[in-house]
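Me: I'd like a close look at one part of this model, please, rather than a tour of everything. Take the side chains and helix packing there one by one, and state your cut-offs as you go.
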Amino acid sequence: MVSQTDVSSRLKKYGEQKPSDPGAVGQGNTVYCQTSPLYVDDKESAAATLVSWAQEARLATKDVKAPTSNAILTVCKSLIAGGVAGGVSRSAVAPLERLKILLQVQNPLNPKYSGTVQGLKSIWKNEGIPGFFKGNGTNCARIIPNSAVKFYSYEQASSAILWAYRQQKGQENAELTPVLRLCAGACAGIIAMSATYPMDMVRGRLTVQTEDSPHRYRGMFHAFRTIIKEEGAIALYKGWVPSVIGVIPYVGLNFAVYETLKDWMMKSPTFQPDDGAELGVATKLACGAAAGTVGQTVAYPLDVVRRRMQMVGWKDASSIITADGQVTAPVQYNGMVDAFRKTVKNEGVRALYKGLVPNSVKVVPSIAIAFVTYELMKDLLGVEIRISD
């Protein structure tokens, strides 16, 4: 390895070379070197500046250490906690999740589901208990890595954003604000959603299938192969744009509202626990419920458009999409804006909120259970990092 002394001496020697010397620089570079900030009156200036940079870089990196085994174990525990939280929460509300998607994409020419209660009764009558959990396996396969990446990304993003904020003058002791939490939550949501989006697209189609669909996917892997073969790999990212846009208010507000409410309750005389203890499970559930309600209401129209775009190009589509054969293929959209325009034109503004009721019933306990399960798992696994840190 080359020592710092060797590097310094070589840089100094280079700085002492004359610009006119062919061994130093070519004739075409002479003017550049003479006008460069490094080439000033003194010959030593270039070498001194570069040596100074090298010394600063050494000082900046001398404290950087490779991750220890404990740090890696903490990361793994955080990922496991996030994955379990996502799987438990989604499985608990799987029937409402499926009904929401059916209401979002069903063809208005022959709607089979007119509301939450009627829809659940129809699924029970025609498909039995398995019908409530159709697509849930793929959803859990997607949501476990999605939640794991999302929660861990939030931990890292919030730490990085807070560190950058504290570098500003007068903010050395600053804490996370709702705006900073919103930014961290949005970053986490986009990273997690993008990493697992193909699985969400496949899950959407599996969920929409019914017993009388003309051509059925036999499972997640068969759906992947069929979609790639018939529509191309790019089809796995249909609806990605509205998903990214929707993630910002949805996930961002979830984290921001949850953490802000938690902090407020910790400082409020009415809710403040005794002896500095953590908030109770019921209180955390209430915070998570409020966070889920705010996030899903703001982002819901984008979720409807995303689901409809995922159905575009589906050959032998589900009877829900084709209105039992009254149309041959799903409505074609040329993009997010076109999907918004055609949905409103053909079905009215209310179509952008189809399935909002079961989604509201679903998302509130789902988000609440996810947050509480996550923190309970972290306590169980002994993870030192907490969301509020």
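Reply: First, a polar contact here is a pair of N or O atoms within 3.5 Å; within protein, one must be able to donate a hydrogen and the other to accept it, and residues adjacent in sequence count only if both atoms are side-chain atoms. The model is predicted, with local features needing pLDDT of at least 70 and side-chain atom pairs pLDDT 80 or more, while totals for chains, interfaces and linings use all residues. Residues are numbered from 1 along each chain as its sequence is written, and side-chain values use heavy atoms, with hydrogens and water left out.

Let's start at Asp303. Its side chain makes a polar contact of 3.2 Å with the side chain of Lys100, and another of 2.9 Å with the side chain of Gln104. Lys100 sits in helix H5, residues 94–105, and Gln104 is in H5 as well (helices, H or I of at least four residues, and strands, E of at least two, are DSSP runs numbered from the N terminus).

What about burial? Lys100 has a relative accessible area of 4%, so it is buried (under 20%; exposed is over 50% and partly exposed lies in between, with a 1.4 Å probe and protein chains only). Gln104 is buried too, at 0% relative accessibility.

Now for the company they keep. Setting aside residues up to four places away in sequence, Lys100 touches Tyr300, Asp303, Gly355, Pro358, Asn359 and Lys362 (contact means heavy atoms within 4.5 Å). With that exclusion, Gln104 touches Tyr300, Asp303, Val304, Arg307, Arg308 and Lys354. In C-alpha terms, Gln104 is 9.7 Å from Arg306, although the two are 202 residues apart along the chain.

Those side chains belong to a helix crossing. The axes of H5 and H11 come within 9 Å and cross at roughly 75 degrees (axes are lines fitted to C-alpha atoms, for helices over the stretch in contact, and angles run from 0 to 180 degrees between N-to-C directions). That makes H5 roughly perpendicular to H11 (65 to 115 degrees; under 35 is roughly parallel, over 145 roughly antiparallel and the rest oblique). H5 brings Glu97, Lys100, Ile101, Gln104 and Val105 to this contact, and H11 brings Tyr300, Asp303, Val304, Arg307 and Arg308.

H11 (residues 281–310) also meets H8 (residues 178–208), with axes that come within 9 Å and cross at roughly 75 degrees. H8 is therefore roughly perpendicular to H11. On the H8 side the contact uses Tyr197, Asp200, Met201, Arg203, Gly204 and Arg205, and on the H11 side Arg306, Arg307 and Gln310. Arg307 is thus listed in this contact and in the one with H5.

From H8, Tyr197 is worth a stop. Tyr197 is buried, at 1% relative accessibility. Leaving out neighbours within four places in sequence, Tyr197 is in contact with Leu236, Tyr237, Lys238, Gly239, Trp240, Ser243, Arg306 and Gln310. The side chain of Tyr197 reaches the backbone nitrogen of Trp240 at 3.4 Å. Tyr197 is also 8.3 Å from Arg142, C-alpha to C-alpha, with their positions 55 residues apart in sequence.

On to the rings. The structure holds four aromatic pairs (rings of Phe, Tyr and Trp, using its six-membered ring, with centres within 6.5 Å; planes under 30 degrees apart are stacked, over 60 edge-to-face and the rest tilted). One of them joins Tyr217 and Trp314, with centres 5.6 Å apart and planes at 10 degrees, so this pair is stacked. Tyr217 lies in the loop between H8 and H9 (220–231) and Trp314 in the loop between H11 and H12 (319–322), so the pair ties together parts 97 residues apart in sequence. Both Tyr217 and Trp314 are buried. Tyr300 and Tyr353 are stacked too, because their ring centres are 6.3 Å apart and their planes are at 20 degrees. Tyr300 is in H11 and Tyr353 in the loop between H13 (336–347) and H14 (356–381), so that pair links parts 53 residues apart in sequence. Tyr300 is buried, at 2% relative accessibility, whereas Tyr353 is partly exposed, at 37%.

To set this in context, the protein chain has 14 helices and zero strands. Buried residues make up 46% of its 389 residues. Among contacts between residues at least 6 apart in sequence, 76% join residues at least 24 apart.
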